[in-house]
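The exercises below invite a reader who is new to this structure to work through it one part at a time. Each task is followed by a solution that goes step by step.

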Amino acid sequence: MAQFKSTTFGKISGKHGDAVAAVRNDGTCILKVYRVASNPNTAGQKNQRGKFGFVMKELNCMRKLFTATFGGQYGINKAVAIAMKNAVQGEFPDFELDYNHVQISEKLIPSQIHFVITSVEHLSIKISWMPELWPDDMLTSTVSVVVLNPLTKNTLINEEVAAVTDGSVQINLPKLFTDTQLHYWLYLTPANYAAGIQSKYLGLL
């Protein structure tokens with residue numbers, strides 16, 4: 001931006017070539033480079049806005065969960081940002097959500113730690129793991145399980161239902177979660193909460 005006192009031309013204003021001139025109250029003229037306003041309706045911008053709306057709608061049912069696992073009332077914003085980057089497939093308006101990449105916390109359980117999830121009864125599932133293979137600093141954590149019905153968008157949050165040292169946990173499902181496949185996540189809350197919650201997507205069962 002340039003400033004000048006015009007004694008020859010007097011006060012000037014308006015567009016001059018690639019610049020726009022204006023006059024301040026003190027008589028100083030300023031020049032700014034003229035920039036054409038960006039078009040908010042380009043294909044890329046429509047795609048980005050559509051993606052945001054799609055992800056927000058899909059994950060809003062887990063807003064309460066994200067408040068806890070991301071550590072604050074704006075947790076859903078963090079979850080949506082991660083999902084927009086990693087979990088959305090397709091182009092506007094035909095988006096799909098790849099739940100395998102939907103994170104319910106900022107930290108992930110290390111990939112070398114494995115879980116086995118099985119259906120043991122009509123209304124129960126069992127999740128097993130081998131704590132003897134885990135790092136010592138994770139053994140004091142508690143285990144929580146999240147279940148999502150993708151059709152009804154109902155979410156079941158089973159908080160601190162086991163200790164890591166237990167090696168397994170069984171979850172009873174309400175009738176609302178029957179007759180369709182469900183998405184499962186597991187997250188760990190450390191004894192020292194400040195260390196951060198770690199989570200992992202377990203799959204569709």
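**Exercise 1. An aromatic pair**

Task: Decide whether phenylalanine 54 and phenylalanine 95 are buried or exposed, and then describe how their two rings are placed.

Solution: In this predicted model, phenylalanine 54 and phenylalanine 95 are both buried. The structure holds 7 aromatic pairs. Phenylalanine 54 and phenylalanine 95 form one of them, with ring centres 5.7 Å apart and an angle of 35° between the planes. Because planes under 30 degrees apart would count as stacked and planes over 60 as edge-to-face, this pair is classed as tilted. The next step is to place the two residues along the chain: phenylalanine 54 belongs to helix 1, residues 43–59, whereas phenylalanine 95 sits in the loop between strand 5 (88–89) and strand 6 (96–97). The pair therefore links distant parts of the chain, as its two members are 41 residues apart. Finally, Phe92 joins Phe54 and Phe95 in one aromatic cluster.

**Exercise 2. The nonpolar cores**

Task: State how many residues the largest nonpolar core has, and find which elements give two or more residues to this core.

Solution: The largest nonpolar core has 27 residues, and those with the most contacts inside it are Val55, Leu59, Met62, Phe66, Leu97, Val102 and Trp185. Two or more residues are given to this core by each of helix 1, helix 2 (63–69), helix 3 (75–86), strand 10 (142–149) and strand 13 (183–189). Helix 3 supplies the largest share, with 6 residues. A second core, separate from this one, has 24 residues, among them Ile113, Met138, Val145 and Tyr184.

Two residues of the largest core can then be followed one by one. Valine 55, when its neighbours within four places in sequence are left aside, is in contact with Val80, Ala83, Met84 and Val88. Leucine 59 lies in helix 1 and counts as buried, because its relative accessibility is 0%, where the limit for buried is under 20%. Not counting residues up to four places away in sequence, leucine 59 touches Phe66, Ile76, Ala79, Val80, Ala83, Leu97 and Val102. For one of these, isoleucine 76, the C-alpha atom is separated from that of leucine 59 by 7.8 Å, although the two residues are 17 places apart along the chain.

**Exercise 3. An open sheet**

Task: Work out in what order 3 strands form an open sheet, and describe how the side chains of strand 12 are arranged.

Solution: The order of the sheet is 8-9-12, and the pairing is antiparallel. Strand 8 and strand 12 are the edge strands, each of which pairs on one side only. From one strand to the next, the twist averages 25°.

The pairing can be taken in two steps. Strand 8 (residues 116–121) is joined to strand 9 by 5 bridges, and these two strands form a hairpin with 2 residues between them. Within this pairing, serine 119 has isoleucine 125 in strand 9 as its bridge partner. Strand 9 (residues 124–128) is in turn joined to strand 12 by 5 bridges. Here serine 124 stands opposite asparagine 172, while lysine 126 stands opposite glutamine 170.

The side chains alternate along strand 12, residues 168–172: Val169 and Ile171 point to one face and are buried, whereas Ser168, Gln170 and Asn172 point to the other face and are not buried.

**Exercise 4. Two serines**

Task: Explain why serine 144 counts as buried and why serine 199 counts as buried, and list what each of them touches.

Solution: Serine 144, which lies in strand 10, is buried because its relative accessible area is 1%. A polar atom of its side chain lies 2.7 Å from the backbone nitrogen of glutamate 160. Apart from its neighbours within four places in sequence, serine 144 is in contact with Asn158, Glu159, Glu160, Trp185, Leu186 and Tyr187.

Serine 199 is found in strand 14, residues 198–204, and counts as buried because its relative accessibility is 2%. When residues up to four places away in sequence are not counted, serine 199 touches Ile104, Ser105, Lys107, Leu108, Ile109, Leu186 and Tyr187. Comparing the two lists, Leu186 and Tyr187 are in contact with serine 144 and also with serine 199.

Key: Residues are numbered from 1 along each chain as its sequence is written. This is a predicted model: local features need pLDDT of at least 70, side-chain atom pairs count only at pLDDT 80 or more; totals for chains, interfaces and linings use all residues. Side-chain values use heavy atoms; hydrogens and water are left out. Rings of Phe, Tyr and Trp (its six-membered ring) pair if their centres lie within 6.5 Å; planes under 30 degrees apart count as stacked, over 60 as edge-to-face and the rest as tilted. Helices (H or I, at least four residues) and strands (E, at least two) are DSSP runs, numbered from the N terminus. Buried means under 20% relative accessible area, exposed over 50%, partly exposed in between (1.4 Å probe, protein chains only). A nonpolar core is a set of buried Ala, Val, Leu, Ile, Met, Phe, Trp, Tyr and Cys residues joined through side-chain atoms within 4.5 Å. Contact means heavy atoms within 4.5 Å. Two strands pair if DSSP finds at least two bridges between them. A polar contact is a pair of N or O atoms within 3.5 Å; within protein, one must be able to donate a hydrogen and the other to accept it, and residues adjacent in sequence count only if both atoms are side-chain atoms. Axes are lines fitted to C-alpha atoms, for helices over the stretch in contact, and angles run from 0 to 180 degrees between N-to-C directions.
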